[in-house]
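Me: Walk me through one part of this model in some detail. I'd like a single connected account, with the cut-offs spelled out as you go.

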Amino acid sequence: MTHTVRTTIRPDEEIEVDDTEYSLLRHEGLLVEDGREEQAPKMARRGSDSGRAE
């Protein structure tokens, strides 16, 4: 079976991997999880705005 995934190395590119590669990438934390990219900028934005005077 193949899986279509994105990695942290190239998050903009989808690749197909077999079960073994998928397991290794997942174990190493190299897979981009859905929603992770969207959450990170929001947290960074919130942190950078917290010290600002308006």
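What follows is a look at the loop between β1 and β2, where Thr 7 lies.

Reply: First, the ground rules. This is a predicted model, so local features need pLDDT of at least 70 and side-chain atom pairs count only at pLDDT 80 or more, while totals for chains, interfaces and linings use all residues. Residues are numbered from 1 along each chain as its sequence is written, and side-chain values use heavy atoms, with hydrogens and water left out.

Now the setting. The protein chain has 2 helices and 2 strands, in the order β-β-α-α from the N terminus; these are DSSP runs numbered from the N terminus, helices being H or I over at least four residues and strands E over at least two. Your loop sits between the two strands, β1 (residues 2–6) and β2 (residues 14–18). They run antiparallel and are joined by 5 bridges, where pairing takes at least two DSSP bridges between strands. His 3, for instance, stands opposite Val 17 in β2. In a regular strand the side chains alternate between the two faces of the sheet. For β1, the covered face holds His 3 and Val 5, and the uncovered one Thr 2, Thr 4 and Arg 6.

Right after that comes Thr 7, in the loop. It's buried, at 9% relative accessible area, on a scale where buried means under 20%, exposed over 50% and partly exposed in between (1.4 Å probe, protein chains only). Who does Thr 7 touch? Leaving out residues up to four places away in sequence, the list is Ile 15, Leu 25, Leu 30, Leu 31 and Val 32, a contact being heavy atoms within 4.5 Å.

Leu 31, one of those partners, sits in a loop too, the one between α1 (19–28) and α2. Leu 31 is likewise buried, at 6% relative accessibility. Leu 31 and Ile 9 are 22 residues apart along the chain, with 8.7 Å between their C-alpha atoms.

Back to Thr 7: a polar atom of its side chain is 3.2 Å from the backbone nitrogen of Arg 10. That's a polar contact, meaning N or O atoms within 3.5 Å; within protein, one must be able to donate a hydrogen and the other to accept it, and neighbours in sequence count only if both atoms are side-chain atoms.

Arg 10 also forms a salt bridge with Glu 13, at 3.4 Å between the closest N and O atoms. The rule is a Lys or Arg side-chain nitrogen within 4 Å of an Asp or Glu carboxyl oxygen, and the count comes to 1. Both ends are partly exposed, Arg 10 at 49% and Glu 13 at 34%.

A word on confidence, given by pLDDT (the predictor's confidence in each residue, from 0 to 100). The chain averages 78, with 63% of residues scoring at least 70. Among the elements, β2, which follows your loop, has the highest mean (97), and helix α2 (residues 36–49) the lowest (46). Over residues 36–45 pLDDT stays under 50, and the model has 4 contacts there beyond four places in sequence.
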